[in-house]
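Trainee: Please take a close look at one part of this model, the loops of the chain listed first, and go through it slowly. Add what lies around that part once it is clear.

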Amino acid sequence: MAIDCLILGAGQEVGKSCVVVSINGKRIMFDCGMHMGYLDHRRYPDFSRIPNYDQGRSSGSAFDHAIDCIIITHFHLDHVGALPYFTEVCGYRGPIYMTYPTKALSPLMLEDYRKVMVERRGEEEQFTSDHIAECMKKVIAVDLKQTIQVDKDLQIRAYYAGHVLGAAMFYAKVGDSAILYTGDYNMTPDRHLGAAQIDRLHLDLVISESTYATTIRDSKYSREREFLKAVHECISGGGKVLIPTFALGRAQELCILLEDYWERMNLKVPIYFSAGLTIQANMYYKMLISWTSQRIKETYSTHNAFDFKHVKDFERSMIDAPGPCVLFATPGMISGGFSLEVFKHWAPSEKNLITLPGYCVAGTIGHKLMSGKPSKIDLDKDTSVDVRCQIHQLSFSPHTDAKGIMDLIKFLSPKHVILVHGEKPKMATLKGRIQSELGIHCYDPANNETVSIPSTQYVKAVASDAFARSCLNPNFKFLKSSSGNGLQVTDERVSDGILVLEKSQKPKVMQQDELLLMLGENEHKVEHSCCFPVHIGNIESSERSSTGFWLRLFSARLSDEISAGIIVQDFEGHIQVESFHLSICLKDSCSHRITDDSQNKSESVFCCCTWSVEDEKIAWKIISTMKNFNLNPGQQDASNN
Amino acid sequence: MCHCYGNFSTGIDSESFQTCLSKGGGFHFPSCHILSICGFRILFDVPLDLSALTIFSPIPNDFDNLDEENCGCLESDKHRTLETTTLNARNLVYAEPCYKTVKNLHLWNASFIDVVLISSPMGMLGLPYLTRMKGFSAKIYVTEATAKLGKLMMEDLVSSHMEYKRFYGDKESVCPQGMKFEELDQLPPTLKEIALGKDGEDLGGWMPLYSAVDVNDCLKKVQTLKYLEETCYNGTLIIKAVSSGAEIGACNWAINSPKGDIAFITSSIFLSGHAMDFDYHALKGNDLILYSDFTFMHAMDDLDSGFNSAPVTDSIRSLASADISEERDKLAFVCSCAVDSVKNGGSVLIPIDRLGLILQLLEEISTALDYSNMKVPIYFISSVAKELLAFTNVIPEWLCTERQEKLFSGEPSFAHAELIKQKKLHVFPAIYSPELLMNWQEPCVVFCPNWSLRLGPVVHLLQRWCIDRNSLLVLENGIDAQLALSPYKPMEMKVLQCSFFSGISLNKVQPLLKILQPKIVAFPEDLRQISFQESTPFSILHYSENETLAIPNLKSSELEIPMELATQFHFKKLKQEHINVTRVKGELLVSNGKHQLISETKQADQLKCRPVLCWGSPSTDTLLAALSERGISGTVEGDTVDLEGENVSVVHVHEPNRACIKIGVAITVVTTADEDLAGRISDAIYSVLDNA
Ligand SMILES: [Zn+2]
Ligand SMILES: [Zn+2]
Ligand SMILES: [Zn+2]
């Protein structure tokens, strides 16, 4: 069996994340995002590529038979943006899973996007407000670490991913095969969120984001200090700070940062939020406090970190009011709306400051400001704005860096890795590192490619009671290692087990005695024996006729010569090593004696040995040692083979 | 995820068994069990019987006027007579109170317990006694929400008790254990039964209250879980908390083990007005259900009619929605009584501990007051009130569907935050808070948990209002109101005692089990008198308090072998042709409750070959043929008799070297001094014998 991954989006690019994974007969769609950079059909994943997508069309439920469930990792539009389109326009009616915060916050993001599209661009809307509401009704909210049984065979589980509030990595297991889809994640904590957390899982595949596939970042705190310094300098000079952001995520993170700083520096300059949207968003953050960082969680009952003390509502009339202030305005990247309106008023003054996120989509004012330092920006053919204000680019990102990706993959040690959500050349570099440094198969497929990897399967055998009992009790053997030093520990619990396949029955594991019982047979032992002379030379000793003397002598020698920690036991009358059994043979003719011995019997002692086949190696080693026995150990080596 | 190579437990494949340590007593005093499976001992819940607090006298109203004449001082008042039919304050134990734990738990050595599972905040109140015991090292699992609520309840208990202690000074607390026997003997029968139990054995269960330090240490030892989060104990048990609906964070337990899958069902509520509903779907298909919802005991009146009366075809959902509307009616009735009292200038005292009731009554009473245009303040007085209310508005994941919907529409889960903002609700840590005294206004509605009416603000307020016939006292069921109110006589207040749902009613047991489809159900003995309407597809066991119930084998164990490993095995077809066998190779991994075989990571020195098991007996003809295939020639000597008198055939080998093969009934002995030849002869013998 194989795991097939169809990359419908975010293959060698960032945007419209969407991977359709088929495992053991189940098909899961991970993320259903949109691409912000396109306005045509390329903005959505090409859903018609999903195998058997229209099998259910006759019954009016396209995709219902093709997809068993959709999993959305977080509320960013490149992960959830196409969902209302897919459910309400394409007609998928199956289950959709996301975390509580993602379910609460996604509609805000979608509605914001829809408005911008319709109001600013005058576009025909792809989906309506009702579509968003209807779509969200189909969503089943999950908490972290819950094992959710989608159906009898399919299990999913969310793990904390950092990145944004409610972002999760998702584990999915069908039968014996399991995969992890990371979505976007952050391996270091920030102001308001913790770092990603995952269990050590047995995985066939990890599908990981790779936004910063080759970047290694230094401490976040120095970057935060730079930002605060820029803001402080601006307001001390009586300037105004414009922070264009989306309502969710960055706005809260920066606001916590500023609140802390205002408190510490005892600043009184007002901080404003432009739209009701952000205020409303804070309401959600307050209720979802358990999804934030440890520090914020611990202090919520005395002070909820999202109860911003210094933050006030902003009104349009305040744009030209005198005095310094800090304003959060939507949308981010200054792609239109209120942030653009404020920008027009504030950009011409060199006292003012505009902060920009690390990444702006081409075509936005944000993107223009980032590329070079334009002194004038044309808004349309009639209007232009003089830009004299300061520009500060935020350099902190909620994505993991390359070290974080490598750490995660090393920790999980899956059999295969697929990289998505990154830039092609950088992904190739990271893929090389994963293969060479970690020895894990890695792929970086382009959009609409399918990667097939083998899946794990187990044969499930019914264990007999006796076998199960022996499994509960370890049977450790300690062996002195011949190669290197120290003890070798082997657990021989299973070596007595026999796997039995009987026609039209489940495989069974039993102990060997049980097999005989089942077959109605008796054991037939196979033993070896050999009675051979050991040359002792013509020595005179009062003790030479005593068997005890020879046994002690032999046993001492064997203990020296036979390595591998095998214990030579010197019993009364015989020497024993495992099943090998040696005694001094005083009989004139012994049935175990097979060779005619030319050696002088008076110069030999006969050793009578028996052993079972499993110890044959050690038996012959002992016999060869004994045959080369020399009373004087110094001369013995030369003849030893 | 956890795994371990080898299991170092002391338990050697002991049978599974269960012991019920206590049936408990309703919502506030859950039952307590020990289950032993796979050699591990699992303890379910460590509650306290807070109803027993009623044998103690509350702090007297007026400290200065205290004299031995009117307080029920045990030491001095030796002349009490047993004729007292009506209880009053004189009969109560006048001492710093002690707390009644599950006495049978003390019979267990704490170090023998491997796992403790806490099902509700109430099931946690006795935990600090256990965790501070010497040798206690069990793993404790609690849901996150239960851990938080349990912490707050224990802290409130400790702080209310401190108030008591301040009054009594540093005198040692007097446990009934420490009381002289004749003193106990003089207690009225009702009190005596509480103190000693029916058989006089309960005496050992009384303990002085733990300290705040004990509570903290206890909480440090707890491992918290989400609902449906799988945790693995010792590689063997997979343990999962499943919402029970009884309270925020309350849960039933699903335990998967190599020996079988077990569901532990404690008091569960199908549809809740605040907590996440009873998630019975997650308990489907287990081998054993340990049924521990004793709600039916406290609603015996519907015992005869209830169990079979509901048509099994009724869906659980419709049965449950009837319950929730009944519950709403009860809340509405409480509200209307409260409004009536306030209208008459009386105050309303609500010493209810059930968080769900507090949260819903806060909302409903304030709505009812608004509706009747009554502007009276609502107070919530408790050392943990502020934290409790803040907590309930940041845990939407633990709430019922209706409350979760509020999150998705951007509203707070509960209205109390808004009520505080509107200054309709005032929250104070204690009755002596200066802010409270400044703010105090009567008539008012007061929530002040401590349903035993012996600790905390309720004592003072009852003493203040008990003579006011316009005031109203709202009590939960499950408490002996006569005893609880005995120190507040004469009682002029109106008393409304309401019975709220606290578990599965009898008419839902059968439809529930029909859905869950277990193989075996273990019911309490008290349910024996009820027979099922139709024959059940599962077998039924019954357990009694403090008796050990052996649980039959639930399922056969399984060994999982990775396909890539299994395909490397060399299967051998036996002469019974439909059977193929192979020796199992690999290392055993006990992980996530499963036995898995993994490829051997380290090779032991291969001095020892795999043992080979042979059966059958070789005939000399086939053996000679097999030998000659391997370039060995020999002659048969014919049957001889060996020393033990058994028939033996002997084959003499001449080429390539000398050897002798003696074939007996149960053993073949190969004698040769040639190592290579010995190996080839073994091969030949194996080829003519069945072996594995
Ligand atoms: Zn993202
Ligand atoms: Zn993304
Ligand atoms: Zn011999």
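Mentor: In chain A of this predicted model, residue A:K16 sits in the loop that runs between β1 (2-9) and β2 (18-23). Its phi is near 35 degrees, which is positive even though the residue is not a glycine. Most residues other than glycine have a negative phi. A:K16 is also buried, because its relative accessibility of 10% is below the cut-off of 20%.

A second loop of chain A holds another such residue. Between β8 (154-160) and β9 (168-174) lies A:H163, a non-glycine residue with a positive phi of about 60 degrees. A:H163 counts as buried because its relative accessibility is 4%. This histidine has a further role in the model: its NE2 atom is one of the donors to the zinc ion (ligand 1).

That takes us from the loop to the metal. The other donors to the zinc ion (ligand 1) are A:H74 through NE2, A:H76 through ND1 and A:D184 through OD, and the distances run from 2.1 to 2.3 Å. Which spacing do the donor residues of this zinc ion (ligand 1) follow in sequence? They are spaced H-x1-H-x86-H-x20-D. What is the arrangement of the four donor atoms around the zinc ion (ligand 1)? It is irregular, because the donor atoms subtend angles of 93 to 166 degrees, and a tetrahedral site would need all angles between 85 and 135 degrees.

A:D184 does more than serve this one ion. It bridges the zinc ion (ligand 1) and the zinc ion (ligand 2), and the two ions lie 3.3 Å apart. A:D184 belongs to the loop between β10 (177-181) and β11 (205-210) of chain A, while A:H74 belongs to the loop between β4 (69-71) and α1 (77-80), so the pair ties together parts that are 110 residues apart in sequence. Both A:H74 and A:D184 are buried.

Chain A has another zinc site to set beside this one. The zinc ion (ligand 3) is coordinated by the SG atoms of A:C531, A:C585, A:C590 and A:C608, at 2.2 to 2.4 Å. Here the angles among the four donor atoms are 101 to 120 degrees, and the site is tetrahedral. The ideal angle for four tetrahedral donors is 109.5 degrees. Along the chain the donors of the zinc ion (ligand 3) follow the spacing C-x53-C-x4-C-x17-C. Distant parts of the chain are linked by A:C531, in strand β28 (residues 525-535), and A:C608, in strand β32 (residues 604-612), which are 77 residues apart. A:C531 is buried, with a relative accessible area of 2%, and A:C608 counts as buried at 12% relative accessibility.

Now the setting of these loops and sites. Chain A comes to 16 helices and 32 strands. Of its 641 residues, 56% are buried. Among contacts in chain A between residues at least 6 apart in sequence, 69% join residues at least 24 apart. The chain exposes about 26600 Å², with 49% of that supplied by carbon and sulfur atoms.

Chain B has backbone features of its own in loops. Most peptide bonds are trans. The bond from B:K489 to B:P490, however, is cis, with omega near 0 degrees; B:P490 lies in the loop between α14 (481-485) and β20 (494-498) of chain B. Another cis peptide bond joins B:E655 and B:P656, with omega about -5 degrees, and B:P656 lies in the loop between β31 (647-655) and β32 (659-663) of chain B.

One helix of chain B is worth a look too. Helix α17 (residues 620-629) has as its buried residues B:T620, B:L623, B:A626 and B:L627. Seen down the axis of α17(B), these fall within an arc of 125 degrees, so they line one face of the helix. The face turned away from that buried side carries the exposed residues B:D621 and B:E629. Just after α17(B), B:G631 takes a positive phi of about 75 degrees.

Last, a record entry for chain B. An unreviewed UniProt entry annotates residues 358-483 of chain B as "domain: Beta-Casp". Over that range the chain is 43% helix and 13% strand, and the end C-alpha atoms are 24 Å apart.

Key:
Residues are numbered from 1 along each chain as its sequence is written. Chains are lettered from A and ligands numbered from 1 in the order in which they are written. This is a predicted model: local features need pLDDT of at least 70, side-chain atom pairs count only at pLDDT 80 or more; totals for chains, interfaces and linings use all residues. Side-chain values use heavy atoms; hydrogens and water are left out. Buried means under 20% relative accessible area, exposed over 50%, partly exposed in between (1.4 Å probe, protein chains only). Helices (H or I, at least four residues) and strands (E, at least two) are DSSP runs, numbered from the N terminus. The arc is that of the directions from the helix axis to the C-beta atoms. Donors are N, O and S atoms within 2.8 Å of the metal (3.2 Å for Na, K and Ca); water is not among the atoms, so sites may look incomplete. Four donors count as tetrahedral if all angles lie between 85 and 135 degrees; four count as square planar and six as octahedral if opposite donors are over 155 degrees apart and all others between 65 and 115; anything else is irregular. UniProt positions are given in the numbering used here, feature names are shortened, and annotations may be inferred rather than shown by experiment. Contact means heavy atoms within 4.5 Å. Accessible areas come from the Shrake-Rupley method with a 1.4 Å probe; for residues, only the protein chains shown count as cover.
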